[in-house]
Amino acid sequence: MKALLALLLVSLATPGSAAPVLVAGDIRPAQDLTGPWHWSADPYRDGVAGFHGEEPGLGHRRYADVDVEAEMAKHPNALFEFDMARSPIATLPSSWINHDPTMRHYDGLVWYQRGFEAQPRAGRRYFLRFGAAEYRADVFVNGKRVGSHEGGFTPFAFEVTGLLRAGANQVTVGVDSQRSDATVPPTVTDWETYGGLTRPVRLIEVPATYVDDAWIRLTRDGHIRASGRLDGPAAAGAEVRVRVAGLLLTARSAADGSWSVEAAAPRTLKRWSPDSPTLYDVIVEAGEDRLTDRIGFRTIAVRGRQILLNGKPIFLRGISVHEEELGADPTRAMTPAAARALLAEVKTGLHGNFVRLAHYPHAEAMTRAADEMGLIVWSEIPVYWRVAFGRPETLALARTMLAENILRDRNRAAIALWSVGNETPVGADRNAFLAALAGDVRKLDDTRLVTAALLTRREQRDGHPVMVLDDPLAASLDVLAVNTYNGWYTDDRLADLPAIGWRVNEDKPLILSELGADAKAGFHDPATLRKYSEEFQAEYYRQTLAMAAKIPFLAGMSPWILKDFRSPRRQHPVFQQGWNRKGLISETGQRKLAFDVLAGFYREIEAEGR
Ligand code: GCU
């Protein structure tokens, strides 16, 4: 009877009604819908609206639960102007840019569809979870809309309990990559859009009442704190058991399903750090649900102009990374192996301990690899350049994106910094917009630091240039970060770079979140050091690092960038060909001369134990 009641209650839940967190949804037991999907480009959005903007007719609805070929055979008069079942097939997850040559620069709507088997059981709940869809996704199951999501880099899930059939089912996703001045990011960025379903799609089964959110962390006062939320008919007043590092913590959930418990951390608890990336198996049980994850425990804080990891000052020896796998034709299909290959260049190649995952939340494959390999992470949302800071809807979208990123990843010990923006122009609307986001970070996560990549202005003092950071947003941040390109985007002589001074008004740690220069791998010009030559890039790094070494309050850096990456803005026909060439390695992993310059600089800092 109880199970029947539970099923009744659950199946009444409107699919896609609430925004479930489904924490650890990338590793919960699930049916993985990776593999062959039919796809069909729809540049004029015929599947969304008829010619006067009305609901499209059956002959246009790509998501209809219909066998087009059979319908047309049975009714010769039937007219369909699509047939997903006989459309081409692509292997997902992957951007559509290499589905076929006509899709390389496609920016618009693509429909994806596949069948899948299900055997729904009474008293169980089912969620379709998407790792990400660039930029907007509309999801349908067996012809019924289950929900839509905006934002290209954070996971989302829709409940499909009650929609699943025993046996054959069908999921259709309309993915639209088109952005506007109101989106986050807006239309213009310095990276390839990579439209499509770029991360795994998983059908997750959970008990009627399950652990929707669970966050287990080490607090700065030495406690292990666990909190979260149960969802389902028995969410209120339920016992929650958390097993971690030899501890058994038990809590009783409140009326809204939320729960929280803490205890002094065991003296034997091994702190997570880049040199010792210890992860513990954590189990969270409530009713029939059992959630497991691997979580590291450490503290991160600031003291004056220092960043403290586990109470000790640390210099962040980093590099920036875009989400793009090594290889001549990346499609933003970041698998765990691809993530480890990239991060090995940081950890082993560069002797780094830090990675700025720019300019948006990266795949879980990347943040989990950083946890396992021991790399501190800067995680950011794409509030990038000219965002519509005055539009409340855009702020609401950015806040949702930020929350989705933090709720997804706050069990990742590697993540130390949440960034709320990159190179945004100072102004009243922008200051308020970013200050609101910084406030959200503090509400969602009191264990990490808030930062943003800012811009400086240049002054002349005693015949020398001085970079001045006096951005009003600095007051809202824990760690200041600056992107600086003297010698690349300016005509400074490289030999003059070390003499550039720095003035920062706030007594806070400073990170050089970007510095860099383009070089086409294999283009050499030792004689005249022309820009785009490997020799120019190497000398730029030598001189810029000499400048950085003189900034007494510098707490770290993440030069731009580990690997050449696709950018439609970069069209020099000889040196760029649609790639931003500031990588220290080429897109196929060929190291440039500058790679060893930075590696040598970090090796020295590592040897000094900083
Ligand atoms: C900017 C921006 C990057 C860009 C880089 C460049 O600082 O943050 O996204 O790729 O500079 O100009 O190469």
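This passage walks through a barrel, a few helices and a well-covered strand in a predicted model.

Start with the barrel. Eight strands close up into a ring, in the order 23-24-25-26-27-30-32-33, and their pairing is parallel. From one strand to the next, the twist averages 30 degrees. Helix 6 (residues 428-444) packs on this sheet, where it touches strand 26 and strand 27 (449-454). The direction of helix 6 makes about 160 degrees with that of strand 26. Within the barrel, strand 25 (residues 376-380) and strand 26 (residues 415-422) run parallel and are joined by 4 bridges. To spot this pairing on screen, look for Val-377, which stands opposite Ile-415 in strand 26.

Next comes helix 4, which covers residues 364-373. Helix 4 is mostly covered, with 9 of its 10 residues buried. The buried set is a mixed bag: it includes Ala-365, Met-366, Ala-369, Ala-370 and Met-373, but also Glu-364, Thr-367, Arg-368 and Asp-371. After helix 4 comes Gly-374, with a positive phi near 85 degrees.

Helix 8 (residues 593-607) is worth a look too. Its 15 residues reach 22 Å from the first C-alpha to the last, close to the 21 Å expected at 1.5 Å a residue. Among the buried residues of helix 8 are Phe-595, Leu-598, Phe-601, Tyr-602 and Ile-605, along with Gly-600. What do the buried residues of helix 8 pack against? The partners are two strands, strand 23 (316-321) and strand 33 (554-557), and two helices, helix 3 (336-349) and helix 7 (534-548). Strands 23 and 33 also belong to the closed barrel, so helix 8 has buried residues packed against barrel strands. Helix 8, like helix 4, is followed by a glycine with positive phi: here Gly-609, near 75 degrees, and there Gly-374.Away from those elements, strand 5 (residues 109-118) is largely enclosed by the rest of the structure, because 8 of its 10 residues are buried. Strand 5 has antiparallel pairings with two strands. Strand 2 (residues 35-41) is joined to strand 5 by 4 bridges, and strand 10 (residues 167-176) is joined to strand 5 by 10 bridges. Gln-113 ties the picture together: His-38 stands opposite Gln-113, and Gln-113 also stands opposite Thr-172 in strand 10.

Terms used
Residues are numbered from 1 along each chain as its sequence is written. This is a predicted model: local features need pLDDT of at least 70, side-chain atom pairs count only at pLDDT 80 or more; totals for chains, interfaces and linings use all residues. Side-chain values use heavy atoms; hydrogens and water are left out. Two strands pair if DSSP finds at least two bridges between them. Axes are lines fitted to C-alpha atoms, for helices over the stretch in contact, and angles run from 0 to 180 degrees between N-to-C directions. Contact means heavy atoms within 4.5 Å. The expected span of a helix is 1.5 Å times one less than its number of residues. Buried means under 20% relative accessible area, exposed over 50%, partly exposed in between (1.4 Å probe, protein chains only).
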